[in-house]
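Please read the following briefing alongside the sequence and the structure. The points are grouped by topic.

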Amino acid sequence: MAQDSEHFRDSIGTINEEGKRAWVFPKKPSGRYYDYRKYVSYFLLAFLFAGPFIKINGNQFLMFNVLERRFNIFGFPFWPQDFHLFVISMIIGVIFIALFTVAFGRIFCGWMCPQTIFMEMVFRRIEYWIEGDRGAQIKLGRQTWNAEKIRKRTLKWSIFFVISFLIANVFLAYLIGSDRLIRYITDGPLLHLSTLISLLVFTAVFYFIFAWFREQVCIIACPYGRMQGVLLDNKSIIVAYDHKRGEAENGRKKWRKNEDRKALGHGDCIDCFQCVNVCPTGIDIRNGTQLECVNCTACIDECDTIMEKVNLPKGLIRYASEAEIVKKEKFKFTPRLKGYTAVLTILIGVLAGMLFLRNDLEANILRLPGQLYEHKEGNIISNVYTYKLVNKTTKGVENVNFKLLSHKGKIKLVRNENFEVPAQDLAEGTLFIEIDNAAVKSDKEKIKVGIYSGNTLIETTMTAFMAPRSYR
Ligand code: SF4
Ligand code: SF4
């Protein structure tokens, strides 16, 4: 690599020498990749905004209710009892992203991350629309607070606030569920003051991030960005500057018409700084892989435009691995990639199996702590239990009753015979199980209980039955 200085490694491009924020004014990107990214962003924004409002079998398509530990992923409801499934899904997500990072660098950051999508494809584009391109923004930033600056900044900040408020509402719909959010809105926000306050706090956070904090999220706050150093290797495909071609023997050099650069030993980089000007994190890609790079591809488009103008081949900055640039090595399915793929496949198999075996109604019958047994008339032993039935479906389960399947005996509910477990809710209570002691073979017998809806068996569960030793 032919950069003159290694200074970029011990400093951040967005913080100046006095330790203050150096504001980045990136040039408006344009080109092939930017167009593709726009289409991807339209799809993802529609998906993100629609996610909490789409229903599958009555279940919200995506919901992350961390407060009540209830999650819906692609319409699959996960209850607190399914927390292990939720954890496995999250692990699969992390491995999936890690696998992609090893193979394709931070492709997720540039193309799919909500932070990048909102920042570059929503807020930044509004900024270009109101304040103009890089040069106009720098000028506006420097000029005194005259009528033009007040008008432009007020308009921009007002729109930013409205969008932040919209995002906060959608965020809340993911957290508490869209039905509840709509109900709160129609009830009148003042009746749900704590939710209104949360909404305003979220709005303030989003406004702060998109109006001020911006690329600092990727550079300083995002843990995924920090992981890049351990995930990438020289075979990972990333947005890379072809330093072999760009620098050649005698380094980069400004463009001069009719000059034979090859004969002079200069590379194809004409040192125009357009790749730096367009970068939303304010770095120079020619310094090599850097943690700040979110692989947004803006510099690829910009350099391609320049190469076209000076009649040199495109792709001086492109998607490439260090191995491809230095040794012309093509993409290989490395042992590390194979390992990640194997772990991913196994975990997906385990999750699919667990989802397949999961019941719609989860039953738990446990002996009441501290209680032994009661000896009743006719050599009958009675044990007392608490039961908990969780209905994970969107339909109520009616006419619920219990039957003893493993032994002859009776189950008596303390109250509510033939009750209902409402949709996405639970029912709990107390019941007695009575068994003729002659049929009990051990002092802690395993017994099987069937849970019925009318005459239809919907679930079975095992529990323990205590009986006196001396009676056998
Ligand atoms: S845009 Fe291309 S030619 Fe211009 S400085 Fe960057 S790498 Fe060099
Ligand atoms: S270096 Fe290029 S790909 Fe990386 S963030 Fe800057 S413009 Fe985007």
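In this predicted model, the shell around ligand 2 divides by class into nine nonpolar and three polar residues, with no charged residue among them. The residues that surround ligand 2 include Cys279, Cys293, Cys296 and Cys299, and the points below take up the rest of that shell before turning to the largest pocket, two strand pairings and two loop residues.

**Surroundings of ligand 2**
- Besides the cysteines, ligand 2 is surrounded by Val239, Pro280, Thr281, Ile283, Ile285, Val294, Asn295 and Thr297.

**The largest pocket**
- The largest pocket has a volume of about 2,100 Å³, and of the 50 residues that line it, Phe64, Ile97, Phe108, Met112 and Pro114 are the closest to its centre.
- Helix α2, which spans residues 83-104, supplies the largest share of the lining of the largest pocket, namely 10 residues.
- By class, the lining of the largest pocket consists of 45 nonpolar residues, four polar residues and one charged residue.

**The sheet of β3, β4 and β5**
- Three strands, in the order β3-β4-β5, form an open sheet in which the pairing is antiparallel.
- The edge strands of this sheet are β3 (62-65) and β5 (76-78), each of which pairs on one side only, and the twist from one strand to the next averages 20°.
- Strands β3 and β4 (residues 70-73) run antiparallel and are joined by four bridges, with Asn65 standing opposite Arg70 in β4.

**Strand β8 and its partner**
- The side chains of strand β8 (residues 361-367) alternate along its length: Leu361, Ala363, Ile365 and Arg367 point to one face and are buried, whereas Glu362, Asn364 and Leu366 point to the other face and are not buried.
- Strand β8 pairs with strand β10 (residues 380-391) in the antiparallel sense over seven bridges, and Leu361 stands opposite Asn391 in β10.

**Loop residues with positive phi**
- Arg69, which lies in the loop between β3 and β4, has a positive phi of about 50° although it is not a glycine.
- With a relative accessible area of 44%, Arg69 counts as partly exposed, because this value falls between the limits of 20% for buried and 50% for exposed.
- Asn311 is placed in the loop between α14 (298-309) and β7 (317-320), and its phi is near 60°, which is again a positive value in a residue other than glycine.
- Asn311 has a relative accessibility of 71% and therefore counts as exposed, the cut-off for exposed being over 50%.

Terms used
Residues numbered from 1 in each chain as written. Chains lettered and ligands numbered in written order. Predicted model: local features only at pLDDT ≥ 70, side-chain atom pairs only at ≥ 80, totals over all residues. Heavy atoms only, no water. Buried < 20%, exposed > 50% of the residue type's maximum accessible area, 1.4 Å probe, protein only. Helix = DSSP H or I, 4+ residues; strand = E, 2+ residues; numbered from the N terminus. Pairing = 2+ DSSP bridges. 1 Å grid on protein atoms, 1.4 Å probe; cavity = no way out; pocket = protein on both sides within 12 Å on 5 of 7 lines; lining within 4 Å. Points joined across faces, edges and corners; volume = space filled by probe spheres on them. Nonpolar A, V, L, I, M, F, W, Y, C, P; charged D, E, K, R; others polar. Near = heavy atom within 4 Å. Axes fitted to C-alpha atoms, helices over the stretch in contact; angles between N-to-C directions.
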